[in-house]
Amino acid sequence: MKKYILLLITVIITTTTFSQEEKEAFKSGEWLRYKMSYSGFLRAGTAILEVDEKDLNGKKVYYTKGSGWTSGMIKWFFKVDDVYESYFDKNEVKPYVFKRKIDEGGYKKHRITNFDYNTNKAYVQDFENQKDTTVAFSNVQDMLSSFYYLRNQDVKHMEKGDEIAIDMFMDSQIYPFKLRFLGREVLKTKFGKINSLIFRPLVQSGRVFKAQESVTIWITDDLNKIPIKMKADLSVGSLRAELEAYKGLANDFKKS
């Protein structure tokens with residue numbers, strides 16, 4: 001189950017695009033919980049995304065936290081305990097500090113990245129390897145700030161086949177992500193029928209994924225733009241994530 005929680009968080013933070021809307025897609029107090037299952041029937045774990053307002057060096061910022069862990073039978077075979085934290089600007093949604101502390105079956109990472117906009121350099125502290133790294137950057141988002149940055153964008157005029165791109169800073173490197181818009185669907189969920197937008201991230205095939213286009217994401221077609229379902233075909237079986245509970249949304253959660 002290695003990197004399942006990372007997969008969920010990475011995928012759901014890259015799901016929308018283009019020009020700014022008048023209403024914010026999120027606000028302080030938003031909380032999202034996802035149920036993760038393996039091959040559609042065996043519960044694999046839980047992931048939670050939450051946002052709050054905090055003070056960082058005398059400046060009011062948004063603080064977000066993404067946490068994920070395995071549960072049930074899966075926990076006995078592969079234990080995951082991941083925590084991601086991001087402090088970003090409330091107006092521009094640009095990251096100031098990003099923290100990542102994960103333990104995935106003994107595979108551990110503990111890093112803190114500070115983004116300096118005077119020098120356009122990111123300073124990465126790697127506590128596991130006792131190593132510091134400096135990386136030049138331009139117009140990037142971290143793994144969590146990307147999610148909130150993109151949700152404030154307008155997707156009303158996207159057409160099937162349109163692609164979006166974003167540069168994400170992760171593990172002392174900058175990764176380009178592409179997403180392809182597949183269309184719209186009325187999705188049956190535990191909350192009722194939900195109008196959704198479907199995206200497919202273009203990911204590298206290999207050890208984890210079956211093929212380049214093995215991940216599909218559904219997000220709500222409303223002002224909130226929250227991921228409501230994700231499916232990933234893996235080398236063995238598949239991984240699903242579905243919205244299980246929510247609170248503190250900035251806008252109405254519309255149903256069909």
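Where in the structure is the place of aspartate 222? In this predicted model, aspartate 222 is found in the loop that runs between β12 (215–220) and β13 (227–233). The residue is buried and yet takes part in no salt bridge, the nearest side chain of opposite charge being that of lysine 225, at 6.9 Å. Since a salt bridge is counted only when a side-chain nitrogen of Lys or Arg comes within 4 Å of a carboxyl oxygen of Asp or Glu, the 6.9 Å that separates aspartate 222 from lysine 225 leaves the aspartate without such a partner. Polar partners are nonetheless present: the side chain of aspartate 222 makes a polar contact of 2.8 Å with the side chain of threonine 220, and the side chain of aspartate 222 also reaches the backbone nitrogen of lysine 225, at 3.1 Å. Lysine 225 thus appears twice in the description of this site, as the nearest side chain of opposite charge and as the residue whose backbone nitrogen is reached by the aspartate. When residues up to four places away in sequence are set aside, aspartate 222 touches Asp252, Phe253 and Lys254.

The setting for this site is a protein whose secondary structure comprises three helices and 14 strands. Of its 256 residues, 52% are buried. Among contacts between residues at least 6 apart in sequence, 51% join residues that are at least 24 apart.

Aromatic side chains were examined next. The count of aromatic pairs comes to 16. One of these pairs is formed by phenylalanine 115 and phenylalanine 137, whose rings are 5.5 Å apart from centre to centre with 90° between the planes, an edge-to-face arrangement. Because phenylalanine 115 belongs to strand β6 (residues 107–116) while phenylalanine 137 belongs to the loop between β8 (131–136) and α3 (145–151), this pair ties together parts that are 22 residues apart in sequence. Phenylalanine 115 has a relative accessibility of 6% and therefore counts as buried, and phenylalanine 137 is likewise buried, with a relative accessible area of 6%. A further pair is made by phenylalanine 147 and tyrosine 148, with ring centres 4.7 Å apart and planes at 65°, so that this pair too is edge-to-face. Both phenylalanine 147 and tyrosine 148 are buried, and ring pairs link these two residues with Phe26, Tyr62 and Phe88 into a cluster.

Tyrosine 62, a member of that cluster, also has a charged neighbour, since lysine 90 lies over the face of its ring at 5.2 Å from the ring centre. An arrangement of this kind is also found at tyrosine 63, where lysine 54 lies over the face of the ring, at 4.1 Å from the ring centre.

The loop between β8 and α3, which holds phenylalanine 137, is also the place of glutamine 141. With a relative accessible area of 5%, glutamine 141 is buried. A polar atom of the glutamine 141 side chain lies 2.8 Å from the backbone oxygen of valine 93. Valine 93 is also among the residues that glutamine 141 touches when those up to four places away in sequence are not counted, the others being Lys94, Pro95, Ser146, Tyr149, Ile166, Asp167, Met168 and Phe169.

Phe169 is in turn one of the residues touched by valine 124, whose place is in strand β7 (residues 121–126). Valine 124 is buried, at a relative accessible area of 2%. Not counting residues up to four places away in sequence, the contacts of valine 124 include Arg111, Ile112 and Thr113, together with Lys131, Asp132, Thr133 and Ser172. The C-alpha atom of valine 124 is separated by 9.6 Å from that of lysine 99, which is 25 residues away along the chain.

Two loop residues have backbone angles that deserve mention. Most residues other than glycine have a negative phi. Asparagine 120, in the loop between β6 and β7, has by contrast a positive phi, near 55°, and at 37% relative accessibility asparagine 120 counts as partly exposed. Glutamine 130, in the loop between β7 and β8, also has a positive phi, of about 55°, although it is not a glycine. At 68% relative accessibility, glutamine 130 counts as exposed.

Conventions:
Residues numbered from 1 in each chain as written. Predicted model: local features only at pLDDT ≥ 70, side-chain atom pairs only at ≥ 80, totals over all residues. Heavy atoms only, no water. Helix = DSSP H or I, 4+ residues; strand = E, 2+ residues; numbered from the N terminus. Buried < 20%, exposed > 50% of the residue type's maximum accessible area, 1.4 Å probe, protein only. Lys, Arg positive; Asp, Glu negative; His and termini not counted. Polar contact = N/O pair within 3.5 Å; in protein donor to acceptor, adjacent residues only side chain to side chain. Contact = heavy atoms within 4.5 Å. Phe/Tyr/Trp six-rings, centres within 6.5 Å; stacked < 30°, edge-to-face > 60°. Lys NZ or Arg CZ within 6 Å of the ring centre and 35° of its normal.
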